[in-house]
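Me: Could you take a close look at one part of this model for me? I'd like to understand the nonpolar patch on the surface, and then hear about anything else worth a glance.

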Amino acid sequence: MINRNFTLLWTSQALSCTAGEMAALALPMAILVTTHSPVDAGLVATAIGIAELIAKLPGGLIADTVDRRRLMMFCDAARAVLALILALALATGRFGTALAMVTGALTAVLSTVFSPAEGGVIRQIVPRDRRREAVTTNIVRTNVAIAAGPPLGGVLLGFGAPLVFLLDGLSYLLSFGLVSRIRYTSPPAPEGPAKPRGLRNTGGELTRGIRWVVRRRPLLVLIGFVAYLNLLGRAVELLAAVEASELGARPVSAGIVLTAAGLGGIAGGFCAGWVLRRLRPSAVIGTVCGTWLFLIPLTATGHQVVTVLAVFALVFALPLIGALVSLSVMLDSPAHLQGRISTATTMLAVSIAWAGPGATGFLISGSGAETASLVLAAPLAVMLLLLLASRRLRTDLDTLSADGPEDGDGDGPDGAVEAAVPPGGPSRRGPLTPG
């Protein structure tokens, strides 16, 4: 690992993220067993999604305002209490939909606040020249948790749902202990006149990250591309699972497809650093466009081996683009704004992803899987043509992750944002990430 502090943080999150994925499977299962109502399970999932969305901008502001390590410890302790409450309720027969909704939503809020705080801590504990390695290592960690958590949760559910939430709570307590041992110094606040208090100024601070992103055209273009990739990722998973399982007749085949997606993400995370050191951002984006254009129609063939290989290759590319965004934010954003900027990029990147499965289902039922795959892939052809035709677009994208002031304020007079990329053309250094 990079250093002692990063090893402590990585280990803590590898454990708690895996346990969290186990709990994410166990919660709807527990609701179904208790209430026999898919509607209740859906309501809880909706409440969790809404809580995550509402908490993003305030979470970034909080992470930029208080000591980030202490904030992470608070989130771990609170999530441990919520998980243990669920375990106790299930063990004593007092579990219900209302409790699941409240604890699920609160856990989602705490996790949403934890994430930008973690990114800020990584920025302080990892040397600048090793942040690419930190980001790609964290991508591997996340994909391992996604791939391993649900199967482990399924096995443990056979011994009872309380056990899953007990282990989830213990993982957060262990994370609390490991995070408390990290040696961390908060970045200094920027010098300048104190900002006025009040509701109007609070609103301005909440949206400061979004305004920073919007004023950087290359980053905004990249985030727009990522947003469509996120939509496509969810759409293609559904498309591949439906076709490989012959419209649900072979559910095992659908599970194999989803496993291939998880393995593709893990492999992509391992390779992301190597790829990003050798290719410019515009080359990475163009390569992803071209390969996805070829691979997406293959997921609609219904041939299991072809589908599995195509899904693996498709998801392999996602960590490359995700790392590119994360590195751009970590390197170019002012340290005291990183929480708000990272949550703003996340919000924009997932802004249309929810439409993917719905649009895919509509296309499959109306025109068939082959037509659906072509319609979904068409915007990638437009992006690829724009990249090939516009030298200015390629140059703009290649400025991503250019070296800027390490911890300077990105805001100029009267709230104007200065360019994060110094004049003189794009940097030849590869991107790095916050984790």
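Reply: Happy to! Let's start with Leu84, which sits in helix H3, spanning residues 68–92. Please keep in mind that this is a predicted model. Leu84 is partly exposed, its relative accessible area being 32%. That value matters for the patch, because a patch residue needs over 30% relative accessible area, and Leu84 has 32%.

Leu84 joins Leu166, Leu167, Leu170 and Leu173 in a nonpolar surface patch of about 370 Å². Which helix gives the patch its largest share? That is helix H6, residues 161–180, with four residues. Leu84, for its part, belongs to helix H3.

Now to a loop elsewhere in the chain. His36 lies between helix H1 (4–35) and helix H2 (38–65). Its backbone deserves a look: phi of His36 is near 55 degrees, a positive value in a residue that is not glycine. Is the His36 residue buried or exposed? His36 is exposed, with a relative accessible area of 66%, and the cut-off for that word is over 50%.

Finally, the cysteines. Searching the whole structure turns up zero disulfides. Among the residues to inspect here, Cys17 is partly exposed at a relative accessible area of 25%, whereas Cys289 is buried at 0%. For Cys289, the word "buried" applies because its 0% falls under the 20% limit. Cys17, with 25%, is classed as partly exposed because that class lies between the 20% and 50% limits.

Definitions and conventions. Residues are numbered from 1 along each chain as its sequence is written. This is a predicted model: local features need pLDDT of at least 70, side-chain atom pairs count only at pLDDT 80 or more; totals for chains, interfaces and linings use all residues. Side-chain values use heavy atoms; hydrogens and water are left out. Helices (H or I, at least four residues) and strands (E, at least two) are DSSP runs, numbered from the N terminus. Buried means under 20% relative accessible area, exposed over 50%, partly exposed in between (1.4 Å probe, protein chains only). A disulfide is a pair of cysteine sulfur atoms within 2.5 Å. Patches are made of residues with over 30% relative accessible area and no salt bridge: like charges are joined within 9 Å, nonpolar side chains (Val, Leu, Ile, Met, Phe, Trp, Tyr) within 5 Å. Accessible areas come from the Shrake-Rupley method with a 1.4 Å probe; for residues, only the protein chains shown count as cover. A salt bridge is a side-chain nitrogen of Lys or Arg within 4 Å of a carboxyl oxygen of Asp or Glu.
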